[in-house]
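Here are some short exercises to work through with the model open beside you. Try each task first, then follow the solution step by step.

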Protein chains: 2
Amino acid sequence: METAPILIDGRWREAKSESTFQATNPATGERLSTHYPVSEWADCEDALSSAVIAQKQLRELPSERIAAFLSAYAGRIESAAASIVAAASLETGLPATPRLRDVELPRTTNQLRQAAEAAREESWKQAMLDLPRNIRSFLAPIGPVLVFGPNNFPLAFNGISGGDFAAAIAAGNAVIAKAHPLHPETTRLLAEQAQMAAIETGLPTGTVQMLYAVSNDDGLRLVGDPRIGAVAFTGSRAAGLRLKRAADEAGKPMYLEMSSINPVIFLPGSLVGSEDRLARELADSCLAAAGQFCTSPNLILVWEGRSAEALLEAVAAIFHERTPQPLLSLAGLQQLEAGVASLIGAGAQLIAGGQRIEEPGYRYANTLLRATGKEFLAASDALQREVFGNATMVVTVADVSEFEAILALMEGNLTGSIYSDGFGADDEIYDRIEPLLRRKVGRLLNDKMPTGVAVSAAMQHGGPFPATSHPGFTSVGIPASMKRFAALECYDGVREGRLPAILRDAIANPRTWRSIDGAWVRG
Amino acid sequence: METAPILIDGRWREAKSESTFQATNPATGERLSTHYPVSEWADCEDALSSAVIAQKQLRELPSERIAAFLSAYAGRIESAAASIVAAASLETGLPATPRLRDVELPRTTNQLRQAAEAAREESWKQAMLDLPRNIRSFLAPIGPVLVFGPNNFPLAFNGISGGDFAAAIAAGNAVIAKAHPLHPETTRLLAEQAQMAAIETGLPTGTVQMLYAVSNDDGLRLVGDPRIGAVAFTGSRAAGLRLKRAADEAGKPMYLEMSSINPVIFLPGSLVGSEDRLARELADSCLAAAGQFCTSPNLILVWEGRSAEALLEAVAAIFHERTPQPLLSLAGLQQLEAGVASLIGAGAQLIAGGQRIEEPGYRYANTLLRATGKEFLAASDALQREVFGNATMVVTVADVSEFEAILALMEGNLTGSIYSDGFGADDEIYDRIEPLLRRKVGRLLNDKMPTGVAVSAAMQHGGPFPATSHPGFTSVGIPASMKRFAALECYDGVREGRLPAILRDAIANPRTWRSIDGAWVRG
């Protein structure tokens with residue numbers, strides 16, 4: 001039996017492991033043949049030592065070199081797109097086209113190139129010079145950074161190629177990527193390109209390393225290890241909170257993106273006469289990738305009455321009619337099943353779906369539930385638990401006070417959407433509920449669904465706990481996402497020749513904004 | 001018995017409490033007459049409700065109003081300076097002049113005015129506009145904010161007037177200040193001025209509130225309460241870590257400044273012929289305010305040999321000769337005593353001091369200890385514990401490798417200083433140890449002592465754990481310190497009239513820098 005190698009200190013080598021795992025094609029349930037190692041601590045130790053050396057060397061490199069790596073890597077991913085997309089599609093059940101080839105892969109390379117550009121420009125470092133006092137500071141690398149990628153975006157959030165990776169590298173950090181065990185071959189292929197791009201551009205050998213899997217205990221130990229400067233995690237709330245405790249205990253910055261039900265609110269005037277159109281818009285958003293997006297709308301709040309019933313009916317019809325996409329794993333299917341059962345147990349009524357589809361692969365019927373505002377208020381904890389997959393609940397609300405009570409009990413979320421009419425009839429309600437919703441979400445939307453997170457400098461893909469661990473940071477959007485992986489370093493009275501280049505009186509890079517004695521200037 | 005009132009919802013009122021406490025004059029040990037309440041949870045509950053309402057109203061106010069409050073408050077503190085300084089001197093034993101009147105009070109009003117200016121300018125909000133996609137974001141208030149002030153700066157770090165307060169208010173937050181129980185009257189006098197300034201400038205009534213004391217349990221409950229958006233704490237490591245656990249459990253941003261021994265390193269060439277001058281510089285820094293500064297140098301690293309001995313001898317002489325300032329409290333004296341005993345128990349040798357001074361008040365002899373590098377390495381945990389007060393340890397190091405081993409084991413600190421000769425003889429050692437020290441400190445200094453933290457935009461008064469809880473933030477330096485109290489809020493497709501003023505296409509404030517479609521512009 002051959003076992004895939006891991007990427008440590010710049011080269012592919014056999015893992016120190018006693019167990020292996022295989023990936024599965026979730027569209028068929030068929031187990032794929034390659035074995036991947038579950039690394040023992042010895043591998044983690046090697047990765048840590050190498051990352052520390054790389055981190056020291058990275059500090060001495062001009063940012064241009066890091067940018068060159070990110071650009072070269074993006075180009076290489078494009079050249080190897082066919083095999084990467086094929087592997088990702090096989091391991092995730094996501095369609096090769098358009099999803100992986102035409103949407104997610106370009107998003108991935110776009111992120112890497114935006115990160116390269118930000119690294120080249122250097123303004124994100126917020127260099128501050130107080131010349132009369134000779135005090136100077138900037139955002140310096142915090143790393144090495146440990147990245148745990150999620151199951152649902154094998155390319156754009158992959159620990160070795162996604163947004164966290166791009167941000168951490170662009171901020172000048174070495175990265176140890178922990179692959180998601182549902183798509184090891186995809187991760188291996190990406191890591192191959194990363195390694196070659198790193199060699200081509202002469203980065204330190206330990207800049208980019210990758211392990212497929214570690215034990216839970218070793219995961220906690222890695223997070224708490226003093227050699228790791230910061231950790232990024234995207235995944236389930238249970239796993240996230242377990243790792244967060246280890247980070248908190250060690251006093252370590254950890255950025256988590258954990259769970260979100262992304263409330264979508266239809267104010268009364270928005271629905272009348274538009275029930276069918278909005279039902280389609282909603283169903284498209286809920287069912288995309290079988291609902292396995294972080295921003296998938298799981299909770300729909302709507303005024304009770306005729307329009308609400310029409311919306312429910314139209315959504316149910318679409319849910320019935322559309323063929324469910326495969327879920328990412330058997331465990332995901334089981335969790336979805338248990339989640340729907342728990343919503344029903346807490347008082348929700350099943351309108352559509354609610355059972356497995358006994359076909360090859362892991363599929364669950366598109367599932368629609370409903371509850372009243374009163375029912376929601378009576379069991380708000382249970383009824384706002386994220387159920388990851390193609391299940392959505394509509395809550396019919398009696399009046400504005402009930403609405404306010406629901407929003408007051410709502411946990412932190414990544415997004416919240418409000419649909420309202422175009423003629424001002426909903427404005428009074430909007431003004432009452434917007435402040436309540438605003439506090440609970442990172443991104444507030446008007447008249448649109450939350451899925452489809454633009455890679456924009458103005459994006460906030462984050463929000464209050466438990467959606468993430470800190471509402472001041474975002475995991476999508478450059479350069480903001482890079483600031484997560486920086487420490488504020490101050491030089492006080494340090495001799496000119498000993499300062500980092502960006503803090504010296506004169507700067508070579510004409511594009512870098514710096515604050516000098518209180519004024520932002522460049523050149 | 002009359003008990004001082006607390007400041008809740010804009011007015012002074014009797015506390016709901018069953019116990020009280022009194023302050024003490026640490027210079028005499030005499031108990032001061034006024035009683036201050038230990039609030040029960042009912043007071044916390046009232047403060048929380050009021051803060052939530054204020055926070056909602058603050059969002060609607062133009063930043064100019066918040067700036068007006070901060071300026072008015074600074075002016076009022078100056079007008080009431082005589083009584084504030086007298087109370088602070090009585091409660092802390094710190095000299096009224098120059099320390100309190102001429103240094104700390106001007107620093108406090110200066111911070112408030114700098115915060116006012118940043119609030120007025122609004123660039124700190126980092127407004128980002130992506131016009132083609134209509135996605136916009138900015139740093140919005142995260143509050144209400146709970147501030148725990150420390151014992152050692154009754155004005156400049158006071159929960160109701162210090163750096164955390166100024167930053168939290170300037171960022172648009174309501175503040176609940178928890179006074180330090182060692183200086184309740186000072187805090188009451190400051191809160192009086194804050195209340196009047198808030199009335200004058202028409203801030204919501206719950207913007208500024210103050211409790212003198214709560215039980216430990218209620219402190220933890222306050223930190224974890226979902227109505228609190230963020231917490232700032234400056235104080236001891238034990239208290240900080242206890243509160244941090246409550247914040248971590250609730251997923252709440254908490255900024256702690258806890259402990260730091262502020263290593264000062266003399267490279268060989270820096271000492272030769274300058275032993276006496278540097279001994280004075282060092283002693284001045286160590287003994288200022290009886291060593292009760294966060295940045296007081298507690299660990300001095302020096303090459304073993306003749307110069308080290310000369311330095312030790314000169315420092316010991318000064319330590320003997322100078323009259324010790326009073327410590328802030330009996331508890332502080334006891335902790336200092338225990339701390340010195342524990343350093344001795346871990347292998348340090350006593351060179352000077354090491355006992356209480358049996359005079360009125362809480363005084364401890366200026367204390368100098370020494371250890372070898374080998375001894376330090378054998379007990380590095382115990383020998384790098386912060387001992388708060390006028391005690392300092394010199395470690396004599398045999399060679400560069402021993403030096404590197406010590407720095408590798410060093411915990412996170414606020415500052416680290418390196419003295420080196422002016423002719424390049426120390427440069428090789430500097431280049432070897434600087435990267436190791438840099439990782440462990442927020443502020444790196446050359447040829448100067450760490451005490452005297454300038455209120456500069458380029459300051460980093462922070463550093464890696466356990467000095468603080470996140471190396472990316474600073475508690476001194478405006479506007480950077482304000483970012484701790486902000487959440488990144490995004491508006492996606494939100495109609496123009498519903499956007500916060502700073503995110504609309506046109507902006508009234510001509511001074512605000514915004515990033516529009518990737519370019520920083522203003523006006």
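**Exercise 1. Taking stock of chain A**

How many helices and strands are there in chain A?

*Solution.* Start with the ground rules: this is a predicted model, in which local features need pLDDT of at least 70 and side-chain atom pairs count only at pLDDT 80 or more, while totals for chains, interfaces and linings use all residues. Residues are numbered from 1 along each chain as its sequence is written, and chains are lettered from A and ligands numbered from 1 in the order in which they are written.

Next, count the elements, which are DSSP runs numbered from the N terminus (helices: H or I, at least four residues; strands: E, at least two). Chain A has 16 helices and 24 strands.

Finally, look at the dimensions. The C-alpha trace of chain A spans about 75 × 65 × 40 Å along its principal axes. A compact globule of 523 residues would have a radius of gyration near 24 Å, and the 24 Å of chain A agrees with that. Here the radius of gyration is taken over C-alpha atoms, and the globule rule is 2.2 Å times the number of residues to the power 0.38.

**Exercise 2. Relating the two copies**

Find the turn and the shift that lay chain B on chain A.

*Solution.* Two copies of a chain are related by a rotation about an axis and a shift along it. The copies are superposed by least squares on the C-alpha atoms of residues with pLDDT of at least 70 in both. For chain B on chain A, the turn is 180°, the shift along the axis is 0.0 Å and the RMSD is 0.0 Å. The two copies are therefore related as by a two-fold rotation axis. To locate that axis, go to Asp248(B): in chain B its C-alpha is the nearest to the axis, at 3.4 Å. Both copies use the same surface, since 100% of the contact residues of chain B recur in chain A.

**Exercise 3. Describing the interface**

Which element of chain B gives the largest share of the side that touches chain A?

*Solution.* First, the totals: 52 residues of chain B are in contact with 52 residues of chain A, where contact means that C-beta atoms, placed from the backbone, lie within 7 Å. Then list the elements of chain B that supply at least two residues each; among them are strand E8 (135–141), helix H16 (427–440) and strand E22 (486–492). The largest share, seven residues, comes from E22(B).

Now sort the chain B side by class: 25 nonpolar, 14 polar and 13 charged residues. In this scheme Ala, Val, Leu, Ile, Met, Phe, Trp, Tyr, Cys and Pro count as nonpolar, Asp, Glu, Lys and Arg as charged, and the others, Gly among them, as polar.

**Exercise 4. Following a sheet across the chains**

Trace the order of strands in the open sheet of 12 strands.

*Solution.* Strands pair if DSSP finds at least two bridges between them. The order is E17(A)-E18(A)-E19(A)-E16(A)-E15(A)-E20(A)-E21(A)-E22(B)-E8(B)-E7(B)-E23(B)-E24(B), with mixed pairing. E17(A) and E24(B) stand at the edges with a single partner strand each, so one side of each has no neighbour in the sheet.

Now step across the chain boundary. E21(A) and E22(B) run parallel and are joined by three bridges; Arg443(A) has Cys490(B) as its bridge partner. From E22(B), seven bridges lead to E8(B), and this pair is antiparallel. Here Ala140(B) stands opposite Ala487(B).

**Exercise 5. Packing two helices**

At what angle do H15(A) and H16(A) pack?

*Solution.* Two packed helices are described by the angle between their axes and the distance between the axes. The axes are lines fitted to C-alpha atoms, for helices over the stretch in contact, and angles run from 0 to 180 degrees between N-to-C directions. H15 (400–409) and H16 (427–440) of chain A pack at about 10°, with axes 9 Å apart. They are therefore roughly parallel, a label for angles under 35 degrees (over 145 is roughly antiparallel, 65 to 115 roughly perpendicular and the rest oblique). Contact residues include Phe403(A) and Leu407(A) of H15(A), and Ile433(A) and Leu436(A) of H16(A). By class, this contact has eight nonpolar, no polar and three charged residues.

Key. Contact = placed C-beta atoms within 7 Å.
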